[in-house]
Amino acid sequence: MSDSVTPTHCPYCALQCGMNLTPAPDGTVEVSERADFPVNRGALCGKGRTAPAVLSSRVRLTSPLVRSGGTLVPATWDEALDRIAEGLSRTRTEHGPDACGVFGGGGLTNEKAYALGKFARVVLGTSQIDYNGRFCMSSAAAGGMKAFGLDRGLPFPLEDIPKSGCVILVGSNLAETMPPSLRFFTELRENGGTLIVIDPRRTKTAEQADLHLMPRPGTDLALALGLLHLVVAEGRVDEEYVRERTVGWEDARAAAMAHWPEYVERITGVPVPQLRETVRMFCEPESAMVLTARGPEQQSKGTDTVSAWINLCLATGRAGRPYSGYGCLTGQGNGQGGREHGQKADQLPGYRKLDDPAARRHVAEVWGVDPDSLPGPGRSAYELLDALGTDIRSLLLMGSNPVVSAPRAAHIEERFKSLDFLAVCDVVLSETAALADVVLPVTQWAEETGTTTNLEGRVLLRRRAITPPDGIRSDLEVMHELADRLGVEKGFPTDPEEVFEELRRASAGGAADYSGITYGRLAAENGVFWPCPADETPGAGGLPDAGGDSGSTGSTGGSASAGTAGGSAARAASAVSGGSTQAASTVGGGFGPAASSAPHPGTPRLFLDRFHTPDGRARFVAVSHRGIAEEPDDEYPVLLTTGRVVAQYQSGAQTRRVDELNAAAPGPFVELHPRLAERLGAAEGDPVAVISRRGRAVAPARITLGIRPDTVFMPFHWYGEGRANTLTNPALDPTSRMPEFKACAVRVEAVGR
């Protein structure tokens, strides 16, 4: 181990907080503050502080495991790799390439996600690849693509939030899910701005709000439409902006006008005076933002819901203006980068579409293959998992735990058990890995170098701080060895910087253009925002004139001419000011120098001059309210919604192995209103059963006035009888294929004491 301090980033959420790592004499790793990184400015949550605990051999995998006589037993790497190659090869021979599936994760680095997509399509020849990020940001991504022609979680840096006049935060409990980000919203209010939180629960985030709306779960679409109705009725539409920078307003306006305030109150439960106050608070300041998270997105109408919130921003002239706009709070550590470079079912690197002939030609040339050899789009995440054991007979899974995280989880667990062959690469023996025929122990965040892209679109460099234990290999090494065994001897390097150099070429000219980014620049500049083409030619990188650093306009778009998108927005762009978020860092990192000759500075702020559409204008999308897929009835009269707690993360595969975090959040619970608890005869801590059409979960009651009487809440981090996703509904959004995690009909029963 090196005795030096290594600047790097947290392995958990999409903030990708900066931290310093120092190897300790006892073999552990110490975490210390890294104040130079602008996203967290040194602050860390409990998960970040305790992240090195999972590096311990006490909790991690230390040897390959293979199934023998029904039990997983230690094996050599050659034995394990040979068995995986044999299993995948046998499936291809007997059932065809699409009988092999690949499932990735939003925590994989950009290099791994890129290589995994390439491995699926070039080595296995399968179309059946997707990843767990489908369960997180896909509805926001689809809505952003429809409106703006581009999907990047936040089109501006987090540092812009405190400078806005008002922020509407829809379905996010960021005080618990990404605590270091709360300071931006605290500073917003200190600066005179207002915070509106929309959540059916009185969360720690809602407690910070100037106004808290508590809609019935699954009614966010109606709520957004009702607000837009009031914007029109009260004469608050920015007519000049709508005329100069958008298309499709008349249809969207007509759809919204069918959602009058009293009708919306009946649907959502939000009183009309609160609707009117929301519109006043949002429209009166010069700038305002709408930020959505999983609440409105994890619905069977999540894409339409996002479109409705974007419509509100467009009608009021908020999108593509300084300190204003729509953004998505991406959840997973590399949830942004993970959806850009090829592990999605319909995607090629650079956010290219798999069914685009030009995209296929470009990527095939980089990969050295025939474009016609690349398979077409495959199944989305839930549909892929649902096909296990039938159409898909073998699966290679990296960095995901669907047995806990997928909707209708008991059914998905049975699908995993029905596979002919399952191989899992992970750092711990997750509940999904425990079902595998082969489990490979792979390196963790502190033991490897690679890049991630945070929720702002800022590409970051995670640095290797320690040497992994003997017997541990990286995912890149796994893919290299498997490709070789399956007849592809070249094209899968094990050095992450070499993989990133290929990714740069593959992404060049795409919407998510990384071609101007190098490891040297990332080390020197504390990250670079995409798009960042390799040259400064206007229009490079798939975005018109994509340029500017955080201290300038940072816009995408050239000067606006008369009659084209621009006008007032172009004039307003010059208002953006402040310190650069890409200032040179004293941190080195040992990588080569950044490219000279005035490299493209990256793009912290999108859309200030034009949107990423052929005519530069944003698109209104006309949407109307519709109910959730499974409304309550006499048999299942209550709504279930799910989410996270501060001390656990996602499926809990890693955080449930950290003593300090388990002490803070030892297990699942059912949050319910006192009126519901009284009807059940349940007291605080009593076991209660939550039953849906898909199964039954049991957990202790947590009684609170901070939830609607018609709703119960369960966190989804645990396996066993308290597994929340046993209950959730896999009804899919028709566009994003997002399951409806956030609302389903249940009944609640007291369990005999």
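Colleague: Before we look at helix 7, what does buried mean here?

Modeller: Happy to start there, and please keep in mind that this is a predicted model. A residue is called exposed when its relative accessible area is over 50%, and partly exposed when it falls in between. Buried is the label for a relative accessible area under 20%.

Colleague: Thanks! With that in hand, how many of the residues of helix 7 are buried?

Modeller: Helix 7 covers residues 220–233 and has 14 residues. From its first C-alpha to its last it reaches 20 Å, close to the 20 Å expected at 1.5 Å a residue. The helix is mostly covered, and the count of its buried residues is 13 of 14.

Colleague: Which glycine follows helix 7, and what is its phi?

Modeller: The residue to look for comes after the helix, which spans residues 220–233. Its phi is positive, near 70°, and the residue is glycine 235.

Colleague: Let's turn to helix 11. Which of its residues are buried?

Modeller: Helix 11 runs over residues 272–283, twelve residues in total, and reaches 17 Å from first C-alpha to last. That is close to the 16 Å expected at 1.5 Å a residue. Its buried residues are Val272, Leu275, Thr278, Val279, Met281, Phe282 and Cys283.

Colleague: Now the strands. Why is strand 2 described as largely enclosed by the rest of the structure?

Modeller: Look at its two faces in turn. Gly18, Asn20 and Thr22 are buried on one side, and Met19, Leu21 and Pro23 are buried on the other, so both faces are covered. Strand 2 is largely enclosed because the number of its buried residues is six of six.

Colleague: Which strands pair with strand 2, and in what sense?

Modeller: Strand 1, residues 6–9, shares four bridges with strand 2, and threonine 6 has leucine 21 as its bridge partner there. Strand 3, residues 29–32, is also joined to strand 2 by four bridges, with proline 23 partnered by valine 29. The partners are therefore strand 1 and strand 3, and the sense for each is antiparallel.

Colleague: Which glycine in the turn between strand 2 and strand 3 has a positive phi?

Modeller: Strand 2 and strand 3 form a hairpin, with five residues between them. In that turn, the residue with a positive phi of about 95° is glycine 27.

Colleague: What is the strand order in the open sheet of five strands?

Modeller: The pairing in this sheet is parallel. Strand 10 (211–213) and strand 13 (325–328) each pair on one side only, which makes them the edge strands. The twist averages 15° from one strand to the next. Reading across, the order is 10-9-8-12-13.

Colleague: Which helix lies across strand 8, strand 9 and strand 12?

Modeller: Strand 8 (residues 166–170) and strand 9 (residues 194–198) pair in the parallel sense over five bridges, with isoleucine 168 opposite isoleucine 196. The helix that lies across them and strand 12 (289–292) runs at about 130° to strand 9. It spans residues 182–190 and is helix 6.

Colleague: On to charges. How far apart are the closest N and O atoms of glutamate 413 and arginine 723?

Modeller: Side chains of opposite charge can pair when their charged atoms come close. Glutamate 413 is in helix 18 and arginine 723 in the loop between strand 27 and strand 28, so the pair ties together parts 310 residues apart in sequence. With relative accessibility of 9% for glutamate 413 and 6% for arginine 723, each is under the 20% cut-off and counts as buried. The two form a salt bridge, and the closest N and O atoms are 3.1 Å apart.

Colleague: Which arginine meets glutamate 501 in a salt bridge?

Modeller: The two residues are three apart in helix 20 (residues 496–507), so about one helical turn separates them. Glutamate 501 is partly exposed at 28%, whereas its partner is buried at 16%. The N to O distance is 2.7 Å, and the partner is arginine 504.

Colleague: Finally, is lysine 353, the partner of aspartate 346, buried or partly exposed?

Modeller: Lysine 353 and aspartate 346 meet in a salt bridge of 3.0 Å, N to O. The relative accessible area of lysine 353 is 38%, which lies between the 20% and 50% cut-offs. Lysine 353 is therefore partly exposed.

Notes. Residues are numbered from 1 along each chain as its sequence is written. This is a predicted model: local features need pLDDT of at least 70, side-chain atom pairs count only at pLDDT 80 or more; totals for chains, interfaces and linings use all residues. Side-chain values use heavy atoms; hydrogens and water are left out. A salt bridge is a side-chain nitrogen of Lys or Arg within 4 Å of a carboxyl oxygen of Asp or Glu. Buried means under 20% relative accessible area, exposed over 50%, partly exposed in between (1.4 Å probe, protein chains only). Two strands pair if DSSP finds at least two bridges between them. The expected span of a helix is 1.5 Å times one less than its number of residues. Axes are lines fitted to C-alpha atoms, for helices over the stretch in contact, and angles run from 0 to 180 degrees between N-to-C directions. Contact means heavy atoms within 4.5 Å.
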